[in-house]
Amino acid sequence: MFVQEEKIFAGKVLRLHVCASDGAEWLEEATEDTSVEKLKERCLKHCAHGSLEDPKSVTHHKLIHAASERLLSDTKTLLEENVQDEDVLLLIKKRAPAPLPKMADVSAEEKKKQEQKAPDRDAIFRATADLPSYDMDRAVVQTNVRDFQTELRKILVSLIEVAQKLLALNPDAVELFKKANAMLDEDEDGRVDEAALRQLTEMGFPESRAVKALRLNHMSVPQAMEWLIEHAEDPTIDTPLPGPALQGEAGAEAAPAAAAGTSAEGEEDRDELTEIFKKIRRKREFRADARAVVSLMEMGFDEKEVIDALRVSNNQQSAACEWLLGDRRPSPEELDKGIDPDSPLFQAILDNPVVQLGLTNPKTLLAFEDMLESPLNSTQWMNDPETGPVMLQISRIFQTLNRT
């Protein structure tokens, strides 16, 4: 009996489930050595998709292995593509590439884009040429959104007056003001600007000398550095400042004054309160940076103008120069003006219980005075357990009213 060789060595017959894109399903049998292209031709004959005489009909279709989502290569066999018995294959027609747009279509698309483009400045002027003009004061519009730091100074000026009156009504007013004065002395003797101290120590100056220089020069780094250089050979440079002794003398002077205050009439008490309060204000008087004064005067500005500029700009030389060359706003006189007592903002601040309680504390008065003359110290008072809640309430009330 004669048997053909190809039948003897024929591959394993696979039964494959084929699904077409139109939803048709059928079973195809093929050997393992059947090429993917041959199987695809048989599938196309089954579903009668076009004429196989058109070569595009075959090349525009692909077989996909459903389980692995692999695209089967036409040049490989089913065995090489690892197609197993009972596998599911998808017969998919490739999408035809989009035709290139015609020149007329391109022009229409560009025209549409130009129409949707935002108008330029000239187009806006042409479109609004016939509209009536309105004169709007830009300065008024800008001041509607108030800056907290600018308004805070006015608030502090007014709150200092209120705190002074409240403390004066207290039976122990004299002692309270003396306490505030003593706290001010302690604050001036004991506080050192950490950032300024770090700058000097990084330059190589000993910490004890740097602290002494900063206290003698009102925490000004340039002036403290000049003092350290000038007194480097001074044998008393390491002698500590007599802070405690001065405090003791101040206390000794305050004792007879206190005794007199308790025995005198109310008028004398008010006079003593006034003197103590003036003493507190004198300790917080503005001291211009001498180096900045010289630098700005060398530019041709008058000394009084320079001091006013440095006061307005908190001793910042560059900001003071801009103030002198600009419209000089705010003016030095405006720095001493308080907020309108009838304004909703000030009334809301005074109605706050936390602020009311804080105004009876001498330390709050001290904090207000300090921030009034040294705005950079506001962070210190914000972190203080006694004055921090008061400052927080003032800030919250301002932000709330400013938004509304």
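**Note on the predicted model: E28, salt bridges, sheet and confidence**

1. Beyond the residues up to four places away in sequence, E28 touches L14, R15, L16, V18, L39, R42, C43 and H46. The model is a predicted one, and the points below should be read with that in mind. E28 itself is found in strand 2. With a relative accessible area of 8%, E28 is on the buried side of the 20% cut-off.

2. The side chain of E28 has two polar partners to note. One is the side chain of W26, with which E28 makes a polar contact of 3.0 Å. The other is the side chain of R42, joined to that of E28 by a polar contact of 3.5 Å.

3. The E28 and R42 pair also counts as a salt bridge, with 3.5 Å between the closest N and O atoms. This pair links distant parts of the chain, since E28 belongs to strand 2 (residues 25-31) and R42 to helix 2 (residues 36-47), 14 residues apart. How exposed are the two partners? E28 is buried, at a relative accessible area of 8%, whereas R42 is partly exposed, because its relative accessibility is 34%.

4. Helix 2 supplies a second salt bridge, between K40 and D74, whose closest N and O atoms are 2.8 Å apart. Here too the pair links distant parts of the chain: K40 sits in helix 2, D74 in the loop between strand 4 (70-71) and strand 5 (88-93), and 34 residues separate them. K40 is buried, its relative accessible area being 0%. D74 also counts as buried, at 16% relative accessibility.

5. The bridge between D308 and K304 is local in sequence. Its closest N and O atoms are 3.1 Å apart. The two residues lie four apart in helix 15 (residues 303-312), so about one helical turn separates D308 from K304. D308 is buried, with a relative accessible area of 18%, while K304 counts as exposed at 55% relative accessibility. Elsewhere, salt bridges with shared partners join K40, K62 and D74 into one network. In total the structure holds 10 salt bridges.

6. How are the strands ordered in the sheet? Five strands form an open sheet in the order 2-1-5-3-4, with mixed pairing. Strand 2 and strand 4 stand at the edges and have a single partner strand each, so one side of each lacks a neighbour in the sheet. E28 therefore belongs to an edge strand, strand 2.

7. At the other edge, strand 4 pairs with strand 3 (residues 61-65) in the antiparallel sense, over two bridges. Within this pairing, H65 stands opposite R70 in strand 4.

8. Helix 2, which holds R42 and K40, lies across strand 1 (13-20), strand 2, strand 3 and strand 5. Relative to strand 2, helix 2 runs at about 145°.

9. G358 is a further position to check. It lies in helix 18 (residues 353-358) and counts as buried because its relative accessibility is 8%. Which residues does G358 contact, leaving aside its neighbours within four places in sequence? The contacts are with T364 and V390. G358 and E386 are 28 residues apart in sequence, with a C-alpha to C-alpha distance of 7.7 Å.

10. For the protein overall, the secondary structure comes to 21 helices and five strands. Of its 404 residues, 33% count as buried. Among contacts with a separation of 6 or more, 58% are between residues 24 or more positions apart.

11. Confidence needs a comment. The mean pLDDT of the protein is 75, and 70% of the residues reach 70 or more. Over residues 138-145 pLDDT stays under 50, and the model has three contacts beyond four places in sequence for this stretch. Over residues 243-265 pLDDT likewise stays under 50, with 15 contacts beyond four places in sequence in the model. Predicted coordinates should not be read in detail where pLDDT is low. That caution applies to the contacts listed for residues 138-145 and for residues 243-265.

Key:
Residues numbered from 1 in each chain as written. Predicted model: local features only at pLDDT ≥ 70, side-chain atom pairs only at ≥ 80, totals over all residues. Heavy atoms only, no water. pLDDT = per-residue confidence, 0-100. Contact = heavy atoms within 4.5 Å. Buried < 20%, exposed > 50% of the residue type's maximum accessible area, 1.4 Å probe, protein only. Salt bridge = Lys/Arg side-chain N within 4 Å of Asp/Glu carboxyl O. Polar contact = N/O pair within 3.5 Å; in protein donor to acceptor, adjacent residues only side chain to side chain. Pairing = 2+ DSSP bridges. Axes fitted to C-alpha atoms, helices over the stretch in contact; angles between N-to-C directions.
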